[in-house]
Amino acid sequence: MDSELFEIETGDQPTITDITALVEHFCTDRGDGLVSVFVPHATAGLAVIETGAGSDQDLLKAIDQLLPTHHAHWRHDHGSPGHGRDHVMPALVSPSLTVPVIDGRLQLGTWQSITLVDPNVDNPHRSVRVSFVPG
Amino acid sequence: MDSELFEIETGDQPTITDITALVEHFCTDRGDGLVSVFVPHATAGLAVIETGAGSDQDLLKAIDQLLPTHHAHWRHDHGSPGHGRDHVMPALVSPSLTVPVIDGRLQLGTWQSITLVDPNVDNPHRSVRVSFVPG
Amino acid sequence: MDSELFEIETGDQPTITDITALVEHFCTDRGDGLVSVFVPHATAGLAVIETGAGSDQDLLKAIDQLLPTHHAHWRHDHGSPGHGRDHVMPALVSPSLTVPVIDGRLQLGTWQSITLVDPNVDNPHRSVRVSFVPG
């Protein structure tokens, strides 16, 4: 299985990073199959959303509202404010995603992008593993 | 990889559509492997839930409560009320799903159905891609 | 495709059960590929989170807050309190997960564990299907 680990800089603010081009490039010339995208971090996830039209900021806002950032709310309460809820987020925004590929092309819809969701402010460097399983 | 795009009519109301039979039929006679179900839309997702006993309506209610429909809440604020939150939903209810298949049969539990979750009232026609990777 | 159903005892309280060792053992000596973990139950899901540092209890708390347990809230209202919302949970905490495997080893991050999330108090015995697709 071809598999590669990519480094992503997400900085010290909550971010949604569009990684579609990276995954798309990885799949070029691979024919048909499934691409697996996996984030090997306990405080980040993957979402397939539209980017550039406000929905990325909307998602960060929704995460803040669904999972409050203040320490007192969570047992896991070390690190910067938000670290406890960052550890709960991957249960809802999974670190694992598969996307069908045909003739080396991701079968995403027109408005879909693959994004790395990283609310964590303490870890500016992230990795994403991309793997291809021929079908 | 065998892969097919199916058209689903979801109408102009928020809906949960049971697509188990469609996926099951696609897998018949294919032996063992993984079936990938993928929705190429930025305002729909897939959920594996029980249908016909109230949980489908319960899920639509939960989505309304977790992600409010009113425009003022979201940056992405064009379209019908709810469009902004519809674009956030796929981060929580993913458009991608894989299910193990053995001897051409989906390995779902007794009460599990594969459903297309479409809160979007502006897009009555949807597609679902079903792909089979032999194991 | 090699696939096996494992029995897990989750008892009569809401639980997060770490099943990483089980999945890891299943993948040993299998080379490269994708492992599929699938829970054939309509009231349980899978989450990749850190365990043993409070985040497991934090996740159960978050589920209680996002999806209230009282019957009156839900149409699906038989069984013990919480049963209705237990049926909604798998839309957010999916019963399906894939993880890349290289040289027989799960490519999880240092703090990631694969967990079975079972808020259901009425069903103490659960199954988890683990399947390996060579890449």
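These are informal notes on a predicted model with chains A, B and C, starting with one chain and then turning to how the copies meet.

1. **What one chain contains.** Start with chain A, which has four helices and eight strands. Reading from the N terminus, its elements come in the order β-β-α-β-β-α-α-α-β-β-β-β. That puts three helices in a row between the fourth strand and the last run of strands.

2. **Overall dimensions.** Along the principal axes, the C-alpha atoms of chain A fill a box of roughly 50 × 30 × 20 Å. Is the chain as compact as a globule would be? The radius of gyration of chain A is 15 Å, and a compact globule of 135 residues would have one near 14 Å, so the two agree.

3. **Packing inside the chain.** How much of chain A is buried? Of its 135 residues, 56% count as buried. The contacts reach far along the sequence, too: taking those in chain A between residues at least 6 apart, 80% join residues at least 24 apart.

4. **A sheet to look for.** In chain C, five strands make an open sheet, and their order across it is 1-8-3-5-6. The pairing is antiparallel. Strand 1 (2-9) and strand 6 (105-106) of chain C are the edge strands, since each of them pairs on one side only. As a reminder, strands of a sheet pair through backbone hydrogen bonds, either parallel or antiparallel.

5. **One pair within that sheet.** Strand 3 and strand 5 of chain C are worth a closer look. They pair in the antiparallel sense over six bridges. To find the place on screen, go to Ser36(C), which stands opposite Thr98(C) in strand 5 of chain C.

6. **How chain B relates to chain A.** A turn of 120° and a shift of 0.0 Å along the axis lay chain B on chain A, with an RMSD of 0.0 Å. That is the relation of a three-fold axis. Which residue of chain B has its C-alpha nearest the axis? Leu92(B) does, at 3.2 Å from it. The two copies use different surfaces, and 20% of the contact residues of chain B recur in chain A.

7. **How chain C relates to chain A.** For chain C, a rotation of 120° with 0.0 Å of shift along its axis gives the superposition on chain A, again with an RMSD of 0.0 Å. Within chain C, Leu92(C) comes closest to the rotation axis, its C-alpha lying at 3.2 Å. Only 16% of the interface residues of chain C are also interface residues in chain A, so these copies meet through different surfaces.

8. **Where chain B touches chain A.** This contact takes 25 residues from chain B and 31 residues from chain A. On the chain B side, the elements giving two or more residues are strand 3 (33-38), helix 4 (89-92), strand 5 (96-102) and strand 8 (125-134). By class, that side has 13 nonpolar, 10 polar and two charged residues.

9. **Where chain C touches chain A.** Here 31 residues of chain C are in contact with 25 residues of chain A. Strand 3 (33-38), strand 4 (45-49), helix 2 (55-66) and strand 5 (96-102) of chain C each supply at least two residues to the chain C side. Which element gives the largest share of that side? It is helix 2 of chain C, with six residues. By class, the chain C side has 18 nonpolar, 10 polar and three charged residues.

Methods:
Residues are numbered from 1 along each chain as its sequence is written. Chains are lettered from A and ligands numbered from 1 in the order in which they are written. This is a predicted model: local features need pLDDT of at least 70, side-chain atom pairs count only at pLDDT 80 or more; totals for chains, interfaces and linings use all residues. Copies are superposed by least squares on the C-alpha atoms of residues with pLDDT of at least 70 in both. Two residues are in contact if their C-beta atoms, placed from the backbone, lie within 7 Å. Ala, Val, Leu, Ile, Met, Phe, Trp, Tyr, Cys and Pro count as nonpolar, Asp, Glu, Lys and Arg as charged, and the others, Gly among them, as polar. Two strands pair if DSSP finds at least two bridges between them. The radius of gyration is taken over C-alpha atoms; the globule rule is 2.2 Å times the number of residues to the power 0.38. A residue is buried if 20 or more other C-beta atoms lie within 10 Å of its own, exposed if 12 or fewer, and partly exposed in between; C-beta atoms are placed from the backbone.
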